[in-house]
Amino acid sequence: MAAPCPEDPSLERHFKGHRDAVTCVDFNLNMKQLASGSMDSCLMVWHMKPQARAYRFSGHKDAVTAVNFSPSGHLLASGSRDKTVRLWVPNVKGESTVFRAHTATVRSVHFCSDGQSLVTASDDKTVKVWSTHRQKFLFSLSQHINWVRCAKFSPDGRLIVSASDDKTVKLWDKTSRECVHSYCEHGGFVTCVDFHPSGTCIAAAGMDNTVKLWDVRTRRLLQHYQLHSAAVNGLSFHPSGSYLVTASSDSTLKILDLVEGRLLYTLHGHQGPATTVAFSRTGEYFASGGSDEQVMVWKSNFDVVDYGDAVKVQRRPATPAASSGNLPEVDFPVPPGRGRSQESVQSPLQEPASMPQTLTSTLEHIVGQLDVLTQTVSVLEQRLTLTEDRLKQCLEHQQLAAQGTAP
């Protein structure tokens, strides 16, 4: 094996503080903070500045399953197995607001690029979109027939992609609220999905150990990787669009060169499953979390050259055992903005604006109806946990009671 060269990814730091498996990580835009969630029901906000004390945020009553910083970095959203979403101010006070978002575990939270909307995904089989400013429910997407593990906005905010245990990836039009396409090629639960920075394709991975990339315009499969030996739990695009990093239950992270369609690196660091991974907004770093309770920060070293020359970086050859070996030749879309500077990536985005009064009134009415529906669904879920015979008896008893003939 070739000796490591200066451009190889390197482990920079590791953070210890969680008391159970780490489930999710995300970088703040300014690169000064890194958030992580854990099965220990806490959020940690780590400071990239050495010797700075981390913040531990408590509030969720069960495992924290998802975290995401707002585009401006002034808010941090978290989802939990306690069925709620919290919006935190990521400072020493750790103030938060909470709302009951779903009737089951919240698996995913993601801000729209303008900061005004938040999309959530849940084991209640729905994807929901919320107003960030008022934390009000806007609408629900409900065609999945099993748990929804992940949902993300497209870079322009016009599309939503979702991944589910029903083995499908669905693409939604935010304006019409219609499912415009379902990708059904996965052989198992789909655990994670994200948009390419150009918005022209999506990557998804899951329990069948594979990573697949589709073009959202032609809907054809672009690339198919079978590199992990266990479930893929997380993935993240480098902001240049040329690389994808994945985290797997086989305890490894893998970095793929999407332009050449091959494996670049296999990284070993976590003891046990690697559960999550995310690039920083500039791509200079990526962070990973695992069942070993650790958060690791890696320096990608892709930024030693301009994005336009990224594919010229010296690479460690992939071993035949790890590489797919028979990847199809593909016309992978290379984004036109690969030469952009870090300053353009870091430019602050517009903060959420206040909603018109008429829209506010309408949304409040919708929320009132949603509360009724939520209560109804909760009752139904409780009944469905009973045996079929017991459920029939309960229904018959209710019918008799309604007719006034119950004993």
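# Briefing: threonine 210 and its surroundings

Threonine 210 sits in the loop that runs between S19 and S20. The model is predicted. The chain has 407 residues, of which 53% count as buried, and its secondary structure consists of 3 helices and 28 strands. Among contacts between residues at least 6 apart in sequence, 49% join residues at least 24 apart.

**Threonine 210**

- Threonine 210 has a relative accessible area of 3%, so the residue counts as buried, the cut-off being under 20%.
- Its side chain makes a polar contact of 2.8 Å with the side chain of aspartate 208.
- A polar contact of 3.2 Å links the side chain of threonine 210 to that of lysine 212.
- Beyond the neighbours within four places in sequence, threonine 210 touches His186, Ala204, Ala205, His224, Tyr225, Gln226 and Val232.
- Valine 190 is 20 residues away from threonine 210 along the chain, and the two C-alpha atoms are separated by 9.6 Å.

**Nonpolar cores**

- The largest nonpolar core contains 16 residues. Val211, Leu213, Tyr225, Leu244, Leu256 and Leu258 have the most contacts inside this core.
- Four strands each supply at least two residues of the largest core: S19 (201-206), S20 (211-215), S21 (221-225) and S22 (232-237).
- A second core, separate from the largest, has 15 residues, among them Val245, Ala247, Tyr265 and Phe279.
- Tyr225 appears both among the residues with the most contacts inside the largest core and among the contacts of threonine 210.

**Cavities**

- Rolling a probe the size of a water molecule over the atoms reveals where empty space remains.
- Across the whole structure, 2 cavities of 30 Å³ or more are found.
- The second largest cavity holds about 30 Å³ of space.
- Asn209, Val211, Tyr225, Leu227, His228, Thr246, Lys254 and Leu256 line the second largest cavity.
- Val211, Tyr225 and Leu256 belong to this lining, and these residues are also listed among those with the most contacts inside the largest nonpolar core.

**Annotated repeats**

- An unreviewed UniProt entry lists "repeat: WD" at residues 15-56, 57-88, 99-140, 141-182, 183-224, 225-266 and 267-299.
- In the span 57-88, the end C-alpha atoms lie 9 Å apart, with 0% helix and 56% strand.
- In the span 267-299, the end C-alpha atoms lie 12 Å apart, with 0% helix and 61% strand.

**Histidine 60**

- Histidine 60 is in the loop between strand S5 (55-58) and strand S6 (64-69).
- Its relative accessibility is 6%, so histidine 60 counts as buried.
- Two side-chain polar contacts are listed for histidine 60: aspartate 82 at 3.2 Å and threonine 84 at 3.3 Å.
- Apart from the neighbours within four places in sequence, histidine 60 is in contact with Ser41, Leu43, Ser78, Gly79, Ser80, Asp82, Thr84, Val85, Arg86 and Trp88.

**Tryptophan 130**

- Tryptophan 130 belongs to strand S12, residues 127-131.
- With a relative accessible area of 3%, tryptophan 130 is buried.
- The side chains of tryptophan 130 and threonine 120 form a polar contact of 3.0 Å.
- Glutamine 116 is 14 residues from tryptophan 130 in sequence and 8.5 Å from tryptophan 130 in space, C-alpha to C-alpha.
- Setting aside neighbours within four places in sequence, the contacts of tryptophan 130 are Phe99, Arg100, Ala101, Gln116, Ser117, Leu118, Thr120, Gln135, Lys136, Phe137 and Leu138.

**Arginines with positive phi**

- Most residues other than glycine have a negative phi.
- Arginine 177 has a phi near 65 degrees, a positive value in a residue other than glycine.
- Arginine 177 lies in the loop between strand S16 (169-173) and strand S17 (178-183), and at 45% relative accessibility it counts as partly exposed.
- Arginine 219 is not a glycine either, yet its phi is positive at about 65 degrees.
- The loop between S20 and S21 holds arginine 219, which is partly exposed, with a relative accessible area of 39%.

Definitions and conventions:
Residues are numbered from 1 along each chain as its sequence is written. This is a predicted model: local features need pLDDT of at least 70, side-chain atom pairs count only at pLDDT 80 or more; totals for chains, interfaces and linings use all residues. Side-chain values use heavy atoms; hydrogens and water are left out. A nonpolar core is a set of buried Ala, Val, Leu, Ile, Met, Phe, Trp, Tyr and Cys residues joined through side-chain atoms within 4.5 Å. Buried means under 20% relative accessible area, exposed over 50%, partly exposed in between (1.4 Å probe, protein chains only). UniProt positions are given in the numbering used here, feature names are shortened, and annotations may be inferred rather than shown by experiment. Contact means heavy atoms within 4.5 Å. A polar contact is a pair of N or O atoms within 3.5 Å; within protein, one must be able to donate a hydrogen and the other to accept it, and residues adjacent in sequence count only if both atoms are side-chain atoms. On a 1 Å grid over the protein atoms alone, a cavity is a set of points where a 1.4 Å probe fits but cannot get out, and a pocket is an open set with protein on both sides within 12 Å along at least five of seven lines; lining residues have an atom within 4 Å of a point. Grid points are joined across faces, edges and corners, and a volume is the space filled by probe spheres set on the points.
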